[in-house]
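Take a look at the chain below. Turn it slowly on the screen, then read on with the model beside you.

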Amino acid sequence: MNALFLNGGDAAGSLLMFIPIILIFVVMYFFMIRPQKKQEKEANRMRDELTVGDEITTIGGIIGKVVSIKDETLVLETTKDRTRIRILKTAVSRVDVKSEDAQD
């Protein structure tokens with residue numbers, strides 16, 4: 001029986017060669033690709049739920065309060081001097097204080 005497997009005449013034997021490769025792809029999916037997609041989905045949801053008055057931190061470390069929101073951009077007020085910066089929504093790293101929490 002081992003002679004058939006070594007000669008490659010057995011279709012099941014050639015299929016057994018691909019099982020480790022398939023298992024590697026399955027493991028990569030569950031440990032790398034799936035969690036990354038979940039993180040991206042949560043980040044997009046957070047950016048879609050931004051409201052005027054939220055205090056946020058950008059990817060570059062700028063902290064400010066959201067003054068206005070358009071389709072893909074928003075305006076931040078960063079200092080007490082009311083310095084305003086227009087940024088892309090994708091540059092938002094996290095929401096520090098939601099607007100309804102800041103009013104309480």
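Of the 104 residues in this chain, 18% count as buried. The model is a predicted one. The chain holds three helices and five strands. Along the sequence, their order is α-α-β-β-β-β-β-α. Contacts also reach along the chain: of those with a separation of 6 or more, 37% are between residues 24 or more positions apart.

**The helix α2**

Start with helix α2, which covers residues 11-48. Does the distance between its ends agree with its 38 residues, or disagree? At 1.5 Å a residue, α2 should span 56 Å, and its end C-alpha atoms are 52 Å apart, so the two values agree. The helix does have a kink of about 45°, centred on Tyr 29. Which residues of α2 are buried? They are Gly 13, Met 46 and Arg 47.

**The nonpolar core**

Met 46 also belongs to the largest nonpolar core. This core has eight residues in all. The others are Leu 50, Ile 56, Val 66, Leu 74, Leu 76, Ile 87 and Val 92. Look at Val 92 in particular. Leaving out residues up to four places away in sequence, Val 92 touches Met 46, Arg 47, Leu 50, Ile 56, Thr 57, Thr 58, Ile 59, Leu 74 and Ile 87.

**Thr 57 and Asp 96**

One of the residues that Val 92 touches is Thr 57. Thr 57 lies in strand β1, residues 55-58. Is Thr 57 buried or exposed? Its relative accessibility is 6%, so Thr 57 counts as buried. Not counting residues up to four places away in sequence, Thr 57 touches Ile 62, Ile 63, Val 92, Ser 93, Arg 94 and Asp 96. With Asp 96 there is a polar contact: the two side chains are joined at 2.5 Å. Thr 57 and Asp 96 are 39 residues apart along the chain, yet 6.8 Å separates their C-alpha atoms.

**Salt bridges**

How many salt bridges does a search of the whole structure find? It finds four. The table lists three pairs, among them one that links distant parts of the chain.

| Acidic side chain | Basic side chain | Distance, N to O |
|---|---|---|
| Glu 49 | Arg 45 | 3.6 Å |
| Glu 77 | Arg 84 | 3.2 Å |
| Asp 54 | Lys 98 | 3.3 Å |

The pair of Asp 54 and Lys 98 links distant parts of the chain, 44 residues apart. Asp 54 sits in the loop between α2 and β1. Lys 98 sits in the loop between β5 (92-97) and α3 (99-103). Asp 54 has 0% relative accessibility, so Asp 54 counts as buried. Lys 98 has a relative accessible area of 23%, so Lys 98 is partly exposed.

Now take the pair of Glu 49 and Arg 45. Glu 49 counts as partly exposed because its relative accessibility is 42%. Arg 45 counts as partly exposed because its relative accessibility is 48%.

In the pair of Glu 77 and Arg 84, Glu 77 is buried, with a relative accessible area of 19%. That value falls under the 20% cut-off for buried. Arg 84 has 48% relative accessibility, so Arg 84 counts as partly exposed.

**Gly 64**

Glu 77 is also one of the contacts of Gly 64. Where is Gly 64 found? It is in strand β2, residues 63-69. Its relative accessible area is 6%, so Gly 64 is buried. Leaving aside neighbours within four places in sequence, Gly 64 is in contact with Asp 54, Glu 55, Ile 56, Leu 76, Glu 77 and Thr 78. The C-alpha atoms of Gly 64 and Ile 85 are separated by 9.0 Å, and the two residues are 21 residues apart along the chain.

**Arg 82**

Last, find Arg 82 in the loop between β3 (73-77) and β4 (84-88). Most residues other than glycine have a negative phi. Phi of Arg 82 is near 65°, a positive value in a residue other than glycine. Is Arg 82 buried or exposed? Arg 82 is exposed, because its relative accessible area is 58%.

Definitions and conventions. Residues are numbered from 1 along each chain as its sequence is written. This is a predicted model: local features need pLDDT of at least 70, side-chain atom pairs count only at pLDDT 80 or more; totals for chains, interfaces and linings use all residues. Side-chain values use heavy atoms; hydrogens and water are left out. Helices (H or I, at least four residues) and strands (E, at least two) are DSSP runs, numbered from the N terminus. The expected span of a helix is 1.5 Å times one less than its number of residues. The bend at a residue is the angle between axes fitted to the seven residues ending there and the seven starting there. Buried means under 20% relative accessible area, exposed over 50%, partly exposed in between (1.4 Å probe, protein chains only). A nonpolar core is a set of buried Ala, Val, Leu, Ile, Met, Phe, Trp, Tyr and Cys residues joined through side-chain atoms within 4.5 Å. Contact means heavy atoms within 4.5 Å. A polar contact is a pair of N or O atoms within 3.5 Å; within protein, one must be able to donate a hydrogen and the other to accept it, and residues adjacent in sequence count only if both atoms are side-chain atoms.
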